[in-house]
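Work through the exercises below with the model open. Try each task before reading its solution.

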Amino acid sequence: MDINWGDLSFGYFKTDYNVRCYYRDGKWGDLEISSSEHINIHMAATGLHYGQEAFEGLKGYRGKDGKVRLFRWQENAKRMRESAKGIMMAEVPDELFEKALMKVIKLNAKYIPPYGTGSTLYFRPLLFGSGPQVGVKPADEYMFIIFVTPVGPYFKEGFKPVAIEVVRDYDRAAPLGTGHIKVGGNYAASLRPGDRAHKNGFGSVLFLDALEKKYIDEAGPANFFGIKDNKYITPQSKSILPSITNMSLEQIAKDIGLKIERRPVAFEELETFEEAGACGTAAIISPIGKIVDHESGKTINYGKEAGPISTKLYETLRGIQEGTVEDTHGWTTVIEGI
Ligand code: PLP
Ligand code: COI
C-alpha cells in the first residue's frame, strides 16, 4: 500500500471494509461487515424518492503519542438521532453507533494517516429509508452504514485564508425547514451556488438567512464565526447546522478568556470583525481572507494571514484532537489496540 498521506484531498479513497445494519420489523439487526463498496436497495426506497436520508462526519486522529482518538463522537450520534427524528427515520441507538465506529476503524486501521501529515481518517455514517413507499410516507425499513476514507483538508488552502462569496439568490434551507439537521436535501440545495462559487474562484459560499437576507447563516459546509473586542461571535439561526466544532471552539474561546456571543449576526457587522473563520469537522478552521458580495459591490478583507485568535483556537483544537494539548473537557476517546 503506497499512499502519499500528505497529498490527500477531501475525497473518496477506497478502504477495505464498511459496516452495515438494517432496521426491519421495528428493530435493528446485527452489525454486518462488508468489503463491497456497493449496496443493493429497493428502487422504491424512500431514501431515493423522498429524501429520507441523513449523514454524519467525524474523524479519527493519529496523535503524536501514536494513539488514535475520536473527537466527541457522542455528539455526532446525538445529532444523527436528531436528524432521524426530524425526517421520521428509525433512530440509531448510541450503542450501535459506537459499536459501528469501533468496528470500522479497527478493520481499516492501515488507512489511518500518520501524525504530522495533515490528513485524518474521515468516518461517514449514513442512514436512509431503504423500504419501499410510493405515497409520501416514511419507510418501514432503514439502512445504517459507516464507511471510512482517509482525507486531507476540505479547503485546499489548509490553514490559509479562503475567499468566500455571499449568496443572495439561493437558500440552502428554509427558516422552519431542515437546516438544523444533517439531511441530504440541504446539500442538494447548496450544489448550484457552491459550484458557481468555485467557478468564480471562491473557496466557499456564505448563506444569509432565508427570510430577510439580513443575517449570516453559515459558510457552505461550515459554521461562521467572527472575532472582535475579545469576543467570539457566531450566528444564532434556526436554519444552520449546530456544528460540533463550533460548540468546541466556543468552549476553547471561553477557556482562553474570550466572551462568547451566539446571536443573530447582521451582514453589516461583518466589516467590524477583526478576524473571521469557517469551522467544521471537514473544514477544521479555515480563516476567511475576504468576503465578496456581488450585489452591493462590497468586499470585506480580513487579510492574507490567519489572525492570532483564530490561530490559537486552531492550534488548541488540533492539539486536543492529536493529544498534544490536555483534553480538559473529556472530548476525546482513545481507541485501544490500533
Ligand atoms: N454546517 C454544515 C452545513 C455542515 O455540513 C457541517 C459539517 O458537518 C458543519 C456546519 C460543521 O459541523 P461539525 O463541526 O459538527 O462538523
Ligand atoms: C463535515 O464537516 O464533516 C461535513 O459533513 C461537511 C461535508 C458536507 C463535507
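Two exercises follow, one on domains and one on backbone angles.

The model is predicted: local features need pLDDT of at least 70, side-chain atom pairs count only at pLDDT 80 or more, and totals for chains, interfaces and linings use all residues. Residues are numbered from 1 along each chain as its sequence is written, and side-chain values use heavy atoms, without hydrogens and water.

**Exercise 1.** Describe the interface of domain 1 and domain 2.

*Solution.*
- Step 1. Set the bounds: domain 1 covers 5-151 and domain 2 covers 162-322, as given by an automatic or database domain assignment.
- Step 2. Find the contacts (heavy atoms within 4.5 Å). Here 25 residues of domain 1 meet 20 residues of domain 2.
- Step 3. Take the buried area (accessible area, 1.4 Å probe, that two parts lose on being put together, summed over both). The result is about 1,900 Å², 62% of it on carbon and sulfur atoms.
- Step 4. Pick out the main contributors. Phe55, Phe71 and Arg79 lose the most area on the domain 1 side, together 32% of what that side buries.
- Step 5. Count salt bridges (side-chain nitrogen of Lys or Arg within 4 Å of a carboxyl oxygen of Asp or Glu). There are zero between the domains.

**Exercise 2.** Is Arg72 buried or exposed, and what is its phi?

*Solution.*
- Step 1. Locate Arg72: it lies in the loop between strand S6 (68-71) and helix H2 (73-86). Helices (H or I, at least four residues) and strands (E, at least two) are DSSP runs, numbered from the N terminus.
- Step 2. Read the angle: phi of Arg72 is near 50°, positive in a residue other than glycine.
- Step 3. Apply the accessibility classes (buried under 20% relative accessible area, exposed over 50%, partly exposed in between; 1.4 Å probe, protein chains only). Arg72 has 11% relative accessibility, so it counts as buried.

Terms used
Chains lettered and ligands numbered in written order.
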